[in-house]
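Please open the structure in your viewer and keep the selection tool at hand. The tour below proceeds stop by stop, saying what to select and what is to be found there.

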Amino acid sequence: MDTTFTIARDAPRLSRSPWRFALHFYLKSRYTLAAIFVFEAAQAACTILLPYAVKEIIDAVTLAHATGADIFATAKDALILFALLNLGIVLFSRASGAMLVLTGPFLRREIRRSLFSYIQHHSHRYFISHFAGSLANRIAEVSMSCMHALWTIAFDFYPLIIKSVVALVVLFAASGELALTLCLWLGVYIYVSFVLAQRCRVYAQDFAEARSIVTGKVVDSVTNVMNAKMFARRQYEEDYLTDYLNHEVDHAMRTYWYMEKLRWFQYGAAMVLMVSMVGYALKIWADGGLTVGEFSMVAGLAIMLIEAARGLSRSFLEFFEYLGNISDGVSVFVQPHEIVDRPGAARLQVSRGEIVFDDVSFSYPEGLAVFEHLDVTIEPRQQVGLVGFSGSGKSTFVNLILRFFECNAGSIRIDGQDILDVTQDSLRQNVSMIPQDPQLFHRSLMENIRYGRLDATDAEVVKAAQKAHAHGFILQTEHGYDSLVGERGVKLSGGQRQRVAIARAILKDAPILILDEATSSLDSVTEKKIQLGLANLMQGRTVVVVAHRLSTIANMDRILVFDEGRIVEDGSHDALLRIEGHYARLWNMQAGGFLPETDEN
Ligand SMILES: Nc1ncnc2c1ncn2[C@@H]1O[C@H](COP(=O)(O)OP(=O)(O)OP(=O)(O)O)[C@@H](O)[C@H]1O
Ligand SMILES: [Mg+2]
């Protein structure tokens, strides 16, 4: 792994090479896997020795015929060997099956857990540029493909190697020439199959990507089904998806046709060899170089080996298909973590709650500059309102405090500690943020509120809900606090979601509080009602409130007016009204009846 590849300290170490990625997990089950390999070897050896046992039987029967002895007495040992080999196949294969049961589910769990843990460390930006659906799909595909690749090695490649070695040794004893010919053929055949099959990996990777895109599109369409309904665009959505499905079909065809071409080579070569080996053996037999039993053994072994080699070349294709799937997933997941804790990062200690933006410049990647040389100090326990036009940088400002993005230059300090020098967890534990459009888990209301503080008792949760004026509507839902809220909280109204988010922040009880339009979806009456709860929450804390509805922030200690990333006005409500600038204009517009929130003023 190169040195520029930054990974969060407590994230699992995953390789970007698909092969090493998989190996990392296989090694976790090395003991059961070793047992599988031992049992498979034993089973393969038994299988390949069967023709030898048959040969012994035939030779014994031929002998008995010639001497007039009792057939069963003469063939007794050979028959016992035959029975034992069959018993061995049953026992070893089932023992290996049992090991498989012990390994498979465990490995799949580990792979999915590690991938999930790894991507949780990705930045906010990573998740806004990847489809949730395709990420989920890829996690499933990668874990399945890792398992299948392993089974291909353990149950296809490996037994074949054992079988070939045993068969060649047995054959060698019967006929050196035959063994050598077969050996040569096997070598060339396997090499060519392997080289050709490798190409399959590239095709399979593209195919896997096309599949993930389709899943992402389906999830996006389903999530936006309301848009499709509102604009009566069902047909459009179907056609839209069909384009991506066709794209997937193209890739599937390309992959499968390539595999088909390869199989022509594989089957053809196997057929030619099968026929010529039997003919060859027949000739040696006719020349007196083999007994009847030896002939049947040689023919049996050759057919078995060729069959196995043909199977192997099929597995090569599948194996490289799996590797392609893993490559696709790994290339998406195993990317550097953009925002990581510095080595030895301390925990943020908030005693007063001062927030300083010191010469901060920030632009979104591939975006226009939002802030240039921004300087602002939010005093301890100050309550600050942010106003400004849409797109002026208010949300960006609060997202920087939470380090969802990192400044390009300058620093942000909380109580004198640069937020880049403290752990992200400690930073976010000390800051409560209520976003404009809070998203909830599809879990019960109780769990959603308790997310603020996991060890809160039911009574504490209810108390927080009461303060946030959420208790009333929660009791009216079908199962009260046990009601599920739907994906991202869709079964609640926007204002109800906001109140759940406020309750959650009340429970979290962090020294710094940020509200980004946290009450924007509430009607003025409900907002007034929870003002008391909010006022309690804001008491003695540093508070930053973003609001378009100026009445929400009129009584804050200080108001910052943003315009295109600059703070153009800074002062209390009264002071800003006096200078008759931007804020005064906005205020007069809202108070003058242009906007509906005026009633309560
Ligand atoms: N994730 C992002 N990637 C790129 N550009 C972004 C991103 N988020 C916001 N921007 C851009 O940054 C600028 C500031 O956006 P920001 O969300 O901070 O505005 P805002 O003041 O909160 O607006 P609003 O009042 O509408 O919420 C905008 O021009 C916006 O397009
Ligand atoms: Mg915003």
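Begin by selecting valine 431 together with isoleucine 512, its bridge partner in β7. Before going further, note that this is a predicted model, in which local features need pLDDT of at least 70 and side-chain atom pairs count only at pLDDT 80 or more, while totals for chains, interfaces and linings use all residues. Residues are numbered from 1 along each chain as its sequence is written, and chains are lettered from A and ligands numbered from 1 in the order in which they are written.

**The six-stranded sheet**

Extend the selection to β6 and to strand β7 (residues 512-516), which run parallel and are joined by four bridges; helices (H or I, at least four residues) and strands (E, at least two) are DSSP runs numbered from the N terminus, and two strands count as paired if DSSP finds at least two bridges between them. Along β6, Val431 and Met433 point one way and Ser432 and Ile434 the other, and all are buried, where buried means that 20 or more other C-beta atoms lie within 10 Å of the residue's own, exposed that 12 or fewer do, and partly exposed anything in between, with C-beta atoms placed from the backbone.

Now keep β7 alone: Ile512, Ile514 and Asp516 lie on one side and Leu513 and Leu515 on the other, and all of them are buried, so that both faces are covered. Because five of the five residues of β7 are buried, this strand is largely enclosed by the rest of the structure. Next, add strand β8 (residues 542-546), which runs parallel to β7 and is joined to it by five bridges; here valine 544 is the bridge partner of isoleucine 514.

Which order do the strands follow in this open sheet of six? Reading across, the order is β6-β7-β8-β3-β9-β10, with mixed pairing. The edges are β6 (431-434) and β10 (566-571), each of which has a single partner strand, so one side of each is left without a neighbour in the sheet. From one strand to the next the twist averages 15°.

At the β10 end, select strand β9 (residues 558-563), which is antiparallel to β10 and joined to it by five bridges, with phenylalanine 562 standing opposite isoleucine 567 in β10. Helix α18 (residues 582-591) lies across β3 (383-388), β9 and β10, and runs at about 100° to β9; such angles run from 0 to 180 degrees between N-to-C directions, the axes being lines fitted to C-alpha atoms, for helices over the stretch in contact.

**The four-stranded sheet**

Move to the open sheet of four strands, whose order is β2-β1-β4-β5 and whose pairing is antiparallel. Its edges are β2 (369-378) and β5 (417-418), each with a single partner strand, so one side of each is left without a neighbour in the sheet. Helix α10 (residues 394-401) packs on this sheet and touches β1, β2 and β4 (409-414), its direction making about 115° with that of β1; residues are in contact if their C-beta atoms, placed from the backbone, lie within 7 Å.

Within this sheet, six bridges join strand β1 (residues 355-363) to the antiparallel β2, and valine 360 stands opposite leucine 374 in β2. Pause also at aspartate 359, which lies in β1 and has a positive phi near 55° although it is not glycine.

**Around ligand 1**

Select ligand 1 and the residues around it, among them Ile128, Tyr364, Lys394, Ser395 and Thr396; a residue belongs here if its C-beta atom, placed from the backbone, lies within 6 Å of the molecule. The element that gives the most to this shell is α10, with three residues.

**The nonpolar cores**

Finally, select Leu182 and Val298, which have the most contacts inside the largest nonpolar core, a set of 73 residues; a nonpolar core consists of buried Ala, Val, Leu, Ile, Met, Phe, Trp, Tyr and Cys residues joined through C-beta atoms within 7 Å. The largest share of this core, 19 residues, comes from α9. Leucine 182 touches Leu171, Met277, Ala302 and Leu305, leaving aside residues up to four places away in sequence. A second, separate core has 68 residues, including Val360, Phe397, Met433 and Val561.

Conventions. Contact = placed C-beta atoms within 7 Å.
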